[in-house]
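Here are a few exercises to work through with the model open in your viewer. Try each task before you read its solution.

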Amino acid sequence: MSVSVERVNQSSTPVSVISADAELVGRMIAEQHPDLAGPLRLVSDGWDNRIFRLGDDFAVRVPRREVAAHLIEHEQQVLGAIAERVAVPVPAPVRVGVPSATFPWPWSIIRWLEGVDGASVDAPARAVIAEPLAAFVRALHIPAPADAPVNPVRGVPLATRDAAVRDRIALLAARLDTTALTAAWEDALAAPVWDGPALWLHGDLHPGNLVLHSADGTAEGVDGLAAVIDFGDVTAGDPATDLATAWLTFDGSAREAFRAAFDGTVDDATWRRARGWAVTMGTALAAHSDDNPRMGGIGRHALAQLAG
């Protein structure tokens with residue numbers, strides 16, 4: 001069993017993470033949910049959480065840093081209701097873990113969602129989910145109550161992200177031509193701000209948080225959207241935040257199909273802000289994922305689409 005504190009450099013995954021291994025997670029389950037005890041296998045090690053597969057039917061979502069623990073709490077609060085109104089599965093907790101002497105933060109047990117990692121296939125293979133993903137977003141984006149989780153970096157006016165985005169663009173300028181990226185960002189800042197109700201948002205709708213259905217279990221057999229996962233950034237605000245997936249997930253033709261599936265309800269101002277949100281997320285992934293090829297690849301794809 002180990003709990004280790006790691007620190008990484010500016011171009012890597014976020015600093016000061018806690019990494020729990022399978023032995024520790026097994027103890028956590030044995031103490032709080034012993035009826036679900038079973039073999040554990042690490043299947044994902046992301047910016048905020050480690051995911052362990054638990055037997056055949058479940059997975060355990062364990063935060064790696066304190067800020068992520070609060071995001072786990074947000075998921076526990078809202079995912080049950082979201083699951084009831086969207087057409088594809090989401091990782092609503094079936095059990096919750098509470099802080100203890102063994103592990104200091106909340107954690108969740110969810111159902112295992114079978115499918116292909118959306119980040120493991122290229123954009124042309126993801127084109128098939130353009131309309132299903134738009135349908136998911138439309139079902140999700142309803143007005144949220146006043147007590148919806150607050151996220152200071154999602155759903156907010158783009159102007160509040162200006163300094164951070166420009167810092168990342170400056171960092172990336174050492175690697176690539178950022179002229180088009182800067183122009184896209186400045187155009188998004190100039191777009192009219194969202195003046196509608198605060199809508200429920202996923203907050204981090206990139207291909208790594210999409211599970212794809214595959215007829216034969218391979219990337220070549222992808223034929224639909226199996227699940228949407230990782231609602232750690234769930235919040236309420238400007239719907240353009242989630243529409244950024246048009247650049248993060250798709251290429252040109254699929255991006256057009258994604259927007260068309262909204263039947264004219266996404267106006268030009270919202271689409272411009274969505275491109276700005278793609279700049280926000282794409283620069284973060286491209287600038288800070290040198291140690292994570294999976295996440296870095298998502299960032300590079302987004303920047304290429306924004307420059308096109």
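**Exercise 1.** How many of the 6 residues of strand β4 (residues 49-54) are buried?

*Solution.* First, some ground rules. This is a predicted model, where local features need pLDDT of at least 70 and side-chain atom pairs count only at pLDDT 80 or more, while totals for chains, interfaces and linings use all residues. Numbering starts from 1 along each chain as its sequence is written, and side-chain values use heavy atoms, leaving out hydrogens and water.

Next, the terms: buried means under 20% relative accessible area, exposed over 50% and partly exposed in between, with a 1.4 Å probe and protein chains only. Strands (E, at least two residues) and helices (H or I, at least four) are DSSP runs, numbered from the N terminus.

Now the count: 6 of the 6 residues in β4 are buried, so the strand is largely enclosed by the rest of the structure. Then sort the side chains by direction. Asn49, Ile51 and Arg53 point one way, Arg50, Phe52 and Leu54 the other, and all are buried. That's the usual pattern, because side chains in a regular strand alternate between the two faces of the sheet.

**Exercise 2.** Find the strands that pair with β4, and say how they run.

*Solution.* Two strands pair if DSSP finds at least two bridges between them. Start with β3 (residues 40-45): it runs antiparallel to β4, with 5 bridges joining the two. Leu40 has Leu54 as its bridge partner in β4, and 3 residues separate the two strands of this hairpin.

Go on to β5 (residues 58-63), which is joined to β4 by 6 bridges, again antiparallel. Here Phe52 sits opposite Val60. These strands make a hairpin too, with 3 residues between them, and Gly55 in the turn has a positive phi of about 60°.

**Exercise 3.** Work out the strand order in the open sheet that contains β10, and pick out its edges.

*Solution.* The order is β8-β10-β11, with antiparallel pairing. β8 (116-117) and β11 (222-228) each have a single partner strand, so they stand at the edges with one side lacking a neighbour in the sheet. To check the β8 side, look for the 2 bridges to β10 (residues 210-214); Val116 has Leu212 as its partner there.

**Exercise 4.** Zoom out and describe the whole chain.

*Solution.* Count the elements: 11 helices and 12 strands. Then take burial, where 52% of the 308 residues qualify as buried. Finally, the C-alpha atoms fill a box of roughly 55 × 45 × 40 Å along the principal axes.
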